[in-house]
Amino acid sequence: MRIRSGARFRPQQAGWAVVLLLAALVMPALGQGNALAAALAVVAAYLAGRRLDSLAASVSMLGAGILVAGALRLAADPSGAASRWLLDVLLVFAAVVLPWWWGRYRMLRTAHRRREHEVVAANARLLERTRIAQDMHDELGHELALIALGAGALEVDANSTEQGRRAAADIRERAAQAIDSLHAIVAMLRQDTSNGAAPLVPAGESIQALVARVRTTGLQADLEQVSAPPGTPDPPRAVQAAMHRVVQEGLTNAARHAPGTEVHIGIDEGRDPVTITIENRRTSPAPVVGTGGSGLAGVAERLRMLGGTLEAGMHGQDFRLVARIPRASLLPEPGPGTLAAAPAPVDGSVATALADVRRTTRSRQWATALLPLGLAVLLAGILVTVQVLTVVDNALAPSAYAQLRVGQARAEIVPLLPAGGLDGPTPMIAETPAPGNTSCIYYQARNGFLDFSTDMYRLCFGRGVLVSKDHLLPRNEG
């Protein structure tokens, strides 16, 4: 049973791929400080996640948006482009990648439920076909076998005319062909599925009436029945239907495979389980009518679902069928006017299909989760690297800053300064005017790797001495 996974990129989804790309581009360009643009990017990314099946296309669009945004930053202003692009990536991650991931997760959950429903519905259709096939085999096969048996009796009747015997032979041959055709149709309907549903309960026909009807066709059948002790409740209808079905199949096999056979039917209801024994006592050789069949397999499956057993095979020169059925059925008793049918179990193929659906969904969910997780790890690594480099090359510790004195020679304070330094403050810093005729160097005011302060120090030199030192604060703190 194959279920469409929906993982391939379809041309009609190209529009959603473009939407995702635009969201990744618009967010860095317009999203900063623009609530409407940010909201539109969030909604667009979520909808693209819900509609765009292809993970490769989604990753490509997100990656292209981030790279193009970085290229635009670099082309507009090379100085500080790396830090601004890193901020862009953080914005894209928060406003585009995360909404896309949530939308895709919802899409995968919906697709998973839909595929599970398809598997269950396909199984229900197969079980219904099996039930129809079983009903056809049980009812039509039984009647055709009796027709063939009756025609065979007319064929050998001494009082029949030659024309009547030819007509009877023709009826018997056609009935045999119809039985073979019925078996082929039943096999096609079943399509190698297990017999998951029980046939319909016969319309009120008792076992005694069944045997009497069969005798009218010429089959020699006798019934010996041991009743249950007085006061014993009747077996559930599912058990009664199974008893009728066992006798029906035994008589059908006798009529089909050994016409002219004496059939003995013994039913013992005086003990639990109820025991049915059917023996074909051959008295003279006779041609076999029809071939093949799967009635015994269906009966065995029905008894198995009721907790019973079926044994069939040769016993000396005779064929014996023994069925044992517990009086207390394992199935719930159906209400009036309902079918005594067993609940359809999930066979191995359906269980395998459901397991494949769950496995495919889990793998797609994990693959989807890897993108935001991978990007988060990448961003964390970049931030850690930036922090380490900043502290090593551009960070001046507050204790070292406190040792600096205006008027001190630059050569004296160089050992206290980091190797690098910045040419200007970050955009978020509020800077006061620097003294004239000086050159200034900026340092991050950080005391170690775990210090994420945004404050900065400005050191301005003129004529080889420190002219001023300033502690610069972010704009909202100025």
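This briefing walks through a four-stranded sheet, a residue inside it, its disulfide and a few backbone oddities. The model is predicted. The sheet is open, with 4 strands in the order β6-β9-β8-β7 and antiparallel pairing. Two things to look for while you have it on screen are Arg 458, which sits in strand β8, and the disulfide that joins Cys 440 to Cys 460.

**How the sheet is put together**

- Start from the outside: β6 and β7 (439-444) are the edge strands, and each of them pairs on one side only.
- Strand β8 covers residues 456-462 and is joined to β9 by 7 bridges, with the two running antiparallel.
- Those two strands make a hairpin, with 2 residues between β8 and β9.
- On the other flank of β9 (residues 465-474) comes β6, a strand made of residues 429-430, and this antiparallel pairing rests on 2 bridges.
- If you want to check the register of β6 against β9, Ile 429 stands opposite Pro 474, and Ala 430 stands opposite Leu 473.
- For the register of β8 against β9, use Arg 458, whose bridge partner in β9 is Asp 470.

**Arg 458, an arginine on the inside**

- Is Arg 458 buried or exposed? Its relative accessibility comes out at 1%, and buried means under 20%, so Arg 458 counts as buried.
- The Arg 458 side chain reaches the backbone oxygen of Thr 432, and the distance is 2.5 Å.
- Leaving aside residues up to four places away in sequence, Arg 458 touches a long string of others, among them Glu 431, Thr 432, Pro 433 and Ala 434.
- Its contacts also include Cys 440, Ile 441 and Tyr 442, as well as Ser 468, Lys 469, Asp 470 and Leu 472.
- Two of those names turn up elsewhere in this briefing: Asp 470 is the bridge partner of Arg 458 in β9, and Cys 440 is one of the disulfide cysteines.

**The disulfide**

- How many disulfides does a search of the whole structure find? It finds 1.
- That bond joins Cys 440 to Cys 460, with an S to S distance of 2.1 Å.
- Cys 440 belongs to strand β7 and Cys 460 to strand β8, so the pair ties together parts that are 20 residues apart in sequence.
- The torsion about the S-S bond of Cys 440 and Cys 460 is about 100°, so this disulfide is right-handed.
- Cys 440 and Cys 460 are both buried.

**Backbone oddities in the loops**

- Arg 463 lies in the loop between β8 and β9, and its phi is near 55°, a positive value in a residue other than glycine.
- Arg 463 has a relative accessibility of 87%, and exposed means over 50%, so Arg 463 counts as exposed.
- Compare the two arginines: Arg 458 is buried at 1%, while Arg 463 is exposed at 87%.
- Asn 437 is another non-glycine residue with positive phi, again near 55°, and its place is the loop between β6 and β7.
- Asn 437 is exposed too, with a relative accessible area of 82%.
- Away from this sheet, look for the cis peptide bond between Asp 272 and Pro 273, where omega is about 10°.
- Pro 273 lies in a loop, the one between β2 (262-268) and β3 (274-281).

Technical notes
Residues are numbered from 1 along each chain as its sequence is written. This is a predicted model: local features need pLDDT of at least 70, side-chain atom pairs count only at pLDDT 80 or more; totals for chains, interfaces and linings use all residues. Side-chain values use heavy atoms; hydrogens and water are left out. Two strands pair if DSSP finds at least two bridges between them. Buried means under 20% relative accessible area, exposed over 50%, partly exposed in between (1.4 Å probe, protein chains only). A polar contact is a pair of N or O atoms within 3.5 Å; within protein, one must be able to donate a hydrogen and the other to accept it, and residues adjacent in sequence count only if both atoms are side-chain atoms. Contact means heavy atoms within 4.5 Å. A disulfide is a pair of cysteine sulfur atoms within 2.5 Å.
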